[in-house]
Amino acid sequence: MLLFLSRRLLQGLLVMFVISLISFSIQDNLGDPLRELVGQSVSEQEREALRDEMGLNDPFLTQYVRFITQAVQGDFGQSYFFKAPALSVILEKLPATLELVFAASLLILLISVPAGVYCAIKPRSIVTKCLLGFSILGISVPVFLTAIFSIYFFSIELGWLPSFGRGELVSVLGLWESGLFTKDGLLHLILPAVSLAGIMLPLFIRLIRSEMTEALHTEYVKFAHAKGLKKHRVYFVHAFKNTLLPVITVGGVQIGTMVAYTILTETVFQWPGMGFLFLEAVNRVDTPLIVAYLIVVGAIFVVVNTLVDLLYGLINPTVRIAGSAT
């Protein structure tokens, strides 16, 4: 197990190195950061002097080594707009994004598992056909259209739910501000979470249905039926347990993907998270903030995938054995 974990950690470090290299490389193509710092009234000579002072005229390798040296100490530079450390600005917005992803993931789990199992058990029922039809529609419709329609219908026409912001927040252990513990915060969370969940929900319904259908035709499930076990025990203990491995694998990757998808959702709903902050940073050419965002999101991907690999190895020990043998 220790060797398995060591391999995954080394792979994670390699991935983070590649992400940092790509993130740092693209910053020169995003525009001139001095435009936001000094405006248009500064002469070209003063601009060049400032570029030399900031190290922007140094060779790429020199700049990258300096960046990595500072980054491993948690220093990603100062945000040009916020005049604060870029990492602290990102971490200030991180709880909002994580709460949105958590709420969307919870909706996906609570809906996709019973829906996918039902579609496998009752493949010819009207409910199954409606669910599969909905899943095709959900895959086809972009998230921003779902978000805009939700705002129009539930906020403007019906007036049931708020259309933007996080609502009332409370401090949690003095570490972050959360809306999960207030009624107003939860009401503000519903529409963004449903819109974000709509991206992955059809995929999970179809995945669970496919894996469950395959499991129901295996010999051990037929044997469990022949023993006279109750149907719900056969379905959820014997059959569903063997659908977990592919679901966990895909689910872990998709949860990391949802962090990236929050850019569109947060923009439509004006949700003050990392995605909304990233778009503002792009518009302002706030390169330290852009690079910090890309690296933090990359780190989230790496951590989630590493945890999925470990969980996969705990559920299926043959994966650990195979990984240790190679």
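Where is the place of Val141? Val141 sits in the loop between α6 (126-140) and α7, where helices (H or I, at least four residues) are DSSP runs numbered from the N terminus.

## Basis of the model

This is a predicted model, in which local features need pLDDT of at least 70 and side-chain atom pairs count only at pLDDT 80 or more, while totals for chains, interfaces and linings use all residues. Residues are numbered from 1 along each chain as its sequence is written, and side-chain values use heavy atoms, with hydrogens and water left out.

## The nonpolar patch

Val141 is partly exposed because its relative accessibility is 30%; buried means under 20% relative accessible area, exposed over 50%, and partly exposed in between (1.4 Å probe, protein chains only). Together with Leu137, Phe144, Leu145, Ile148 and Leu264, Val141 makes a nonpolar surface patch of about 500 Å². Helix α7 (residues 143-157) gives the most to this patch, with three residues. Patches are made of residues with over 30% relative accessible area and no salt bridge (a side-chain nitrogen of Lys or Arg within 4 Å of a carboxyl oxygen of Asp or Glu), and nonpolar side chains (Val, Leu, Ile, Met, Phe, Trp, Tyr) are joined within 5 Å. Accessible areas come from the Shrake-Rupley method with a 1.4 Å probe.

## Ser125 and its contacts

Ser125 lies in the loop between α5 (86-121) and α6, and Ser125 counts as buried because its relative accessibility is 18%. The side chain of Ser125 makes a polar contact (here a pair of N or O atoms within 3.5 Å, one able to donate a hydrogen and the other to accept it) with the side chain of Tyr118, at 3.4 Å. Another polar contact, of 2.9 Å, joins the side chains of Ser125 and Thr128.

Notes
Patch = residues over 30% accessible without salt bridge, like charges linked within 9 Å, V, L, I, M, F, W, Y side chains within 5 Å. Helix = DSSP H or I, 4+ residues; strand = E, 2+ residues; numbered from the N terminus.
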